[in-house]
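Biologist: Hello! Could you walk me through this structure, one small step at a time?

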Amino acid sequence: MIGEFMSVANLSLFAVTNFPEVCPGDDVAAVIIAGLTAMHERLQDGDLVVVAQKIISKAENRYVYLDEVSVSDQAQELALTVDKPAALVQLILNESAAVIRSCPQALIVEHVQGYIHANAGIDHSNLPDVQQDRERVLLLPEDCNASAAALREQLQNHYGVTVSTLINDSAGRAWRVGTIGFTLGSAGFQPLLDLVGAQDRYGKTLKTTQVAIADELAAAASFLMGQADEGQPVIIIRGARLPHSKSDAKALLRDKTQDLFR
């Protein structure tokens with residue numbers, strides 16, 4: 001793994017501009033291709049396509065109306081603690097393997113896909129109103145790694161080049177203020193660089209160093225995407241020289257026995 005990774009001296013990122021609203025059933029790959037064509041761009045060998053989780057969820061119709069949710073006694077009780085609608089709390093529980101922390105306005109869970117996330121990644125923002133008298137929310141994709149792999153295959157088939165894909169989202173961190181982009185799903189490259197056994201510039205052997213390449217790139221893309229009304233949910237990263245791998249974002253999940261924040 002160490003020998004496969006090549007250092008990068010420069011990197012370029014650009015957004016697919018004028019991206020339309022994605023609706024249930026839309027072909028995200030086709031929308032990306034149309035956007036690149038309109039910009040007189042095309043994917044090149046080695047490109048990384050970073051896609052915001054939200055447009056994948058929209059295309060996969062992961063919408064839920066809160067008034068359609070059956071609420072359990074557990075959700076009712078927890079809703080009082082976190083000061084959130086009981087129906088929303090129920091959805092969070094449905095999407096979670098375990099509740100990690102709860103307090104007013106905060107519900108941190110282990111998502112069924114393995115990552116730790118506030119509110120199981122369920123979101124209200126940047127959702128078009130369909131029925132203004134009914135509130136709906138958007139769940140994460142059902143399988144982010146599978147969605148990334150399917151998107152990669154479509155893009156490669158169209159352009160005839162080898163690319164990688166990454167689905168990102170934003171989340172807070174236990175030890176820092178503010179949100180940052182991180183990886184939910186990936187395909188085509190090694191998301192975690194294990195440098196244990198490598199030497200630093202002074203010949204000292206690294207004993208614990210692992211680099212979350214995917215999360216670093218997810219954060220860079222998130223900076224261009226923005227968090228409000230920017231409308232740039234797809235970022236192309238060029239020049240990363242990513243090592244090819246069949247691994248996916250599961251490699252980034254910390255084992256529970258090593259998680260000091262639980």
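**A hairpin and a helix**

Biologist: Which residue in the turn between S4 and S5 has a positive phi?

Modeller: Keep in mind that this is a predicted model. Strands S4 and S5 form a hairpin, and two residues lie between them. In that turn, the residue with a positive phi, about 70 degrees, is glutamine 105.

Biologist: How many bridges join S4 to S5?

Modeller: S4 covers residues 96-103 and S5 covers residues 106-111, and the two run antiparallel. One of the pairings puts valine 99 opposite its bridge partner in S5, valine 109. The number of bridges joining the strands is six.

Biologist: Is serine 96 buried or exposed?

Modeller: Serine 96 is found in strand S4. Leaving aside neighbours within four places in sequence, it is in contact with residues including Val109, His111 and Ala120. Its relative accessible area is 14%, and the cut-off to use here is under 20%. Therefore serine 96 counts as buried.

Biologist: Which backbone oxygen does the side chain of serine 96 reach?

Modeller: Look for a polar contact made by this side chain. The distance is 2.5 Å, and the backbone oxygen belongs to isoleucine 92.

Biologist: Now for the helix: which residue caps the N-terminal end of H1?

Modeller: H1 spans residues 28-38, and its buried residues include Val28, Ala29 and Ile32. Among the elements covering them are strand S1 and helix H5. At the N-terminal end, a side-chain oxygen lies 3.1 Å from the backbone nitrogen of alanine 29, and the capping residue that supplies this oxygen is aspartate 27.

Technical notes:
Residues numbered from 1 in each chain as written. Predicted model: local features only at pLDDT ≥ 70, side-chain atom pairs only at ≥ 80, totals over all residues. Heavy atoms only, no water. Buried < 20%, exposed > 50% of the residue type's maximum accessible area, 1.4 Å probe, protein only. Helix = DSSP H or I, 4+ residues; strand = E, 2+ residues; numbered from the N terminus. Contact = heavy atoms within 4.5 Å. Polar contact = N/O pair within 3.5 Å; in protein donor to acceptor, adjacent residues only side chain to side chain. Pairing = 2+ DSSP bridges.
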